[in-house]
Amino acid sequence: MTLWQDFLTNDQRLIHKWKHYFPVYERHFARFVNRDVVMIEIGCGKGGSLQMWRRYLGPHARIVGIDIDPACALYAQDQIEVRIGDQSDPAFLADLVREFGEPDIVLDDGSHVMSHVRASFEALYPAVQRNGVYLVEDLHTAYWPEFQGGLREPGSFIEIAKHLIDELNADHARGAIDPTAFTRTTHSMHFYDSIVVLEKGRHTDKHAPQIGHE
Ligand SMILES: C[S@@+](CC[C@H](N)C(=O)[O-])C[C@H]1O[C@@H](n2cnc3c(N)ncnc32)[C@H](O)[C@@H]1O
């Protein structure tokens with residue numbers, strides 16, 4: 001069963017997702033299915049997405065939901081942990097990593113307020129496993145002032161992600177930008193309607209050999 005089919009036939013807790021996100025999830029999360037992984041979902045809503053990730057990722061996955069609403073504590077069950085706190089609080093997020101270890105997957109579906117999205121990314125991206133993935137969704141809010149967004153608004157996560165493209169390529173910038181931890185630990189960045197996905201991965205020595213006969 002695909003994740004999309006799982007969603008369409010859900011008769012457990014309510015899930016709230018845009019339909020075009022499902023191929024993106026499958027594209028970036030499929031390699032974690034049936035593995036011993038830790039997934040953090042920021043924003044529990046009504047608890048249904050936590051259950052969906054448990055069904056999708058399989059019996060070895062540990063799903064950690066975080067939410068500012070204490071009512072979400074009710075959604076804990078086998079393989080699903082919930083911690084109550086603010087996604088913009090670095091101390092809360094550091095405790096989370098201490099408790100559950102470096103996550104393989106982080107999905108930000110929390111407040112969608114730009115300063116919150118940024119704070120979570122700054123705290124959690126460095127902690128993501130070396131081959132892990134960080135996905136931020138509902139980034140239409142990056143264009144909306146009521147979420148601290150706006151076209152080319154410097155603090156919007158879309159603008160931050162555009163700058164990170166340069167950091168990703170910093171090794172080739174001839175000194176124009178210094179390589180950073182992001183350069184050294186990021187394998188790829190992917191842009192979709194309302195979603196940015198960052199895949200971690202370390203590079204070995206970067207060079208471009210010519211192999212074969214002329
Ligand atoms: C869109 S809902 C999550 C939907 C859920 N992931 C799903 O797919 O069904 C957003 C959630 O983020 C939570 N939230 C809002 N501000 C937050 C914050 N600052 N820190 C953590 N969670 C927050 C809300 O309480 C709400 O439950």
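Which residues of strand β5 are buried on one side, and which on the other? In this predicted model, strand β5 spans residues 133–136, and both of its faces are covered: V133 and L135 are buried on one side, while Y134 and V136 are buried on the other. To follow this arrangement, it helps to recall that in a regular strand the side chains alternate between the two faces of the sheet.

From here we can look at the strands that pair with β5. Strand β4, made of residues 105–108, runs parallel to β5 and is joined to it by 4 bridges, and in one of these pairings I105 has V133 of β5 as its bridge partner. The connection between these strands can be traced as well, since β4, helix α5 (residues 114–124) and β5 make a β-α-β unit that is right-handed. Strand β7, which covers residues 195–200, also pairs with β5, but in the antiparallel sense and over 4 bridges; here L135 has V197 of β7 as its bridge partner.

A second place to visit is Q87, which is found in the loop between β3 (80–84) and α4 (90–100). Is this loop residue buried or exposed? Q87 is buried, because 24 other C-beta atoms lie within 10 Å, and a residue counts as buried when there are 20 or more of them within that distance. Leaving aside residues up to four places away in sequence, Q87 touches I42, I66, G110, S111, H116, A119 and S120. Finally, Q87 and L124 are 37 residues apart along the chain, and their C-alpha atoms are separated by 10.0 Å.

Terms used: Residues are numbered from 1 along each chain as its sequence is written. This is a predicted model: local features need pLDDT of at least 70, side-chain atom pairs count only at pLDDT 80 or more; totals for chains, interfaces and linings use all residues. A residue is buried if 20 or more other C-beta atoms lie within 10 Å of its own, exposed if 12 or fewer, and partly exposed in between; C-beta atoms are placed from the backbone. Helices (H or I, at least four residues) and strands (E, at least two) are DSSP runs, numbered from the N terminus. Two strands pair if DSSP finds at least two bridges between them. A crossover is right-handed if, with the strands pointing away from the viewer, the path from the first strand over the helix to the second runs clockwise. Two residues are in contact if their C-beta atoms, placed from the backbone, lie within 7 Å.
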